[in-house]
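This report reads a single molecular structure through its backbone, its helices and one of its pockets. The sequence and the structure follow.

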Amino acid sequence: MDFLHNIAVIGAGMAGLSAARALQQAGRNVQIFDKGRRPGGRMSSRHNDHGLFDLGAQYFTVRDPEFAQFITAFEQQGSVARWPGIMARQIDGQWQAQPPEHPRYSGMPSMAALTDALSEPMKVHQQVRITSMTRTGSTWTLEDQKEQQWSGFDHVIVAIPAPQAALLLKGISTSLRPQTNMSPCWSTWVRFRGALDMPSGIENWHGALLESSPVLRWAGRNQTRPGQHEGERLTLLANDDWSDKHLEDAADQVADRMIKAFQDCYPAPLPAIDACGAHRWRYAQPCQTPENTPGYLIEKPTQLSLCGDWCIDGRVEAAWLSGSRLAQALCGQ
Ligand SMILES: Cc1cc2nc3c(=O)[nH]c(=O)nc-3n(C[C@H](O)[C@H](O)[C@H](O)COP(=O)(O)OP(=O)(O)OC[C@H]3O[C@@H](n4cnc5c(N)ncnc54)[C@H](O)[C@@H]3O)c2cc1C
């Protein structure tokens, strides 16, 4: 490939940020575009009048040595710490303590702290949704929702969920086909007036896997995250089937039903509720894991590439690896 100097990255989630950071460190001129108000994508956190809630990724594991090195640097800097320290599991209707098999980490005080720190030295154009892309000669021009054009890019990285990437690439002459389906997830936040009573035999829990619930798969107590302290604030995640079946339901009804499902599986009465709400992730996690890919897709003649968790699997670490491997491939030409 020719030397690539000006690179556009569409999507400021973990994958896009990881690619952009490595390319910037290698001396490339990188601009990132994201439709959201802040970077982070599915790792973003919500701060409202009732406190701080993580409604997307709840924690992440660290297995790859390069990712471990990357995380250690942010741990030393104070934007990442281990969490949940104390796990519970509800299986066959019983609550049990569950020591985590692998260390798990969270941003400190919330997941967004990591993507905020990662994006800090970079140029991110927020609230810019790219609606089309055109290649003229050897450069790309992007157009956003306000019909503003951004031109002069030698290469474009599309780092967004596969179904959204497929839509953006429609009409472009390319052999890249992001065909992975992604499952939805309803996520509910709830602020209680008092502390939860603990199940008997468990003194405290930070996060719980809810395997017997027909509705829920996870409950996390946000105030137990490193750097957070007060106020009983739960995040509840619905399982794939339930989320799919209730995808178009109203958010307030979804929140009520998910809280009721939590009460149905929790072995103590819940405290009074101060406030609650629900967020729908239409593309939460990839349904399949692609085979025989290096963790990204590149088309050299058109100078177009794709990365994201869906190129490996639905985890924060996979998203980082996808972006970082793509950047290495682009720098190695
Ligand atoms: C509810 C939930 C729970 C999860 N739990 C865990 C967990 O516990 N552990 C774990 O490891 N992983 C978990 N995950 C998965 C994890 O969040 C993802 O694997 C990872 O964050 C994906 O990063 P990404 O960069 O590939 O995509 P994203 O984070 O989706 O980033 C894509 C970005 O692209 C932007 N974008 C999209 N279209 C456009 C456009 N046209 N123009 C401009 N910008 C655009 C979006 O705003 C977004 O910021 C969870 C995900 C969800 C939703």
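Asp116 is found in helix α3, where helices (H or I, at least four residues) and strands (E, at least two) are DSSP runs numbered from the N terminus. At 26% relative accessibility, Asp116 counts as partly exposed; buried means under 20% relative accessible area, exposed over 50%, and partly exposed in between, with a 1.4 Å probe and protein chains only. Along the sequence Asp116 and Arg28 are 88 residues apart, and their C-alpha atoms are 21 Å apart in space.

The model is predicted, so local features need pLDDT of at least 70 and side-chain atom pairs count only at pLDDT 80 or more, whereas totals for chains, interfaces and linings use all residues. Residues are numbered from 1 along each chain as its sequence is written, and side-chain values use heavy atoms, with hydrogens and water left out.

Two further residue pairs can be described in the same way. Ala22 lies in helix α1 and is partly exposed, with a relative accessible area of 28%; its C-alpha atom is separated by 13 Å from that of Ile157, which is 135 residues away along the chain. Asp154 is found in the loop between β13 (149–153) and β14 (155–158) and is buried, at a relative accessible area of 18%. Between Asp154 and Ala329 there are 15 Å in space, C-alpha to C-alpha, and the two are 175 residues apart in sequence.

Several loops carry backbone features, which are set out in the table.

| Residue or bond | Backbone value | Loop |
|---|---|---|
| Trp83 to Pro84 | cis, omega about -5 degrees | Pro84: between β6 (80–82) and β7 (87–91) |
| Met108 to Pro109 | cis, omega near 10 degrees | Pro109: between β9 (104–107) and α3 (112–119) |
| Asp92 | phi near 50 degrees | between β7 and β8 (94–97) |
| Gln303 | phi near 50 degrees | between β20 (297–299) and β21 (304–306) |

For Asp92 the phi value is positive in a residue other than glycine, and the same description holds for Gln303. Asp92 is exposed, with a relative accessible area of 71%, whereas Gln303 is buried, at 7% relative accessibility.

Turning to the helices, the 13 residues of α2 should span 18 Å at 1.5 Å a residue, and its end C-alpha atoms are 19 Å apart, which agrees; the expected span is 1.5 Å times one less than the number of residues in the helix. In α2, Phe67, Phe70, Ile71 and Phe74 are buried. Seen down the axis of α2, these buried residues fall within an arc of 95 degrees, so they line one face of the helix, the arc being that of the directions from the helix axis to the C-beta atoms. The face turned away from the buried side of α2 carries the exposed residues Pro65, Gln69 and Gln76.

Helix α7 has 16 residues and reaches 23 Å from its first C-alpha to its last, close to the 22 Å expected at 1.5 Å a residue. Of these 16 residues 12 are buried, so α7 is largely enclosed by the rest of the structure. The buried residues of α7 include Trp320, Leu321, Ser324 and Leu330.

Helices α2 and α7 come together with α1 in the description of the second largest pocket. On a 1 Å grid over the protein atoms alone, a pocket is an open set of points where a 1.4 Å probe fits, with protein on both sides within 12 Å along at least five of seven lines, and lining residues have an atom within 4 Å of a point. About 210 Å³ of space lies in this pocket, a volume being the space filled by probe spheres set on the grid points, which are joined across faces, edges and corners. Its lining consists of Ser18, Arg21, Ala22, Gln25, Glu66, Gln69, Phe70, Leu118, Trp320, Ser324 and Gln328. The elements that give two or more residues to this lining are α1 (14–25), α2 (65–77) and α7 (316–331), and the largest share, 4 residues, comes from α1.

By class, the lining has 4 nonpolar, 5 polar and 2 charged residues; Ala, Val, Leu, Ile, Met, Phe, Trp, Tyr, Cys and Pro count as nonpolar, Asp, Glu, Lys and Arg as charged, and the others, Gly among them, as polar. Domain 1 (1–35 + 128–180 + 293–333) and domain 2 (45–111 + 182–287) both give residues to the lining, so the second largest pocket lies between them, with domain bounds that come from an automatic or database domain assignment.
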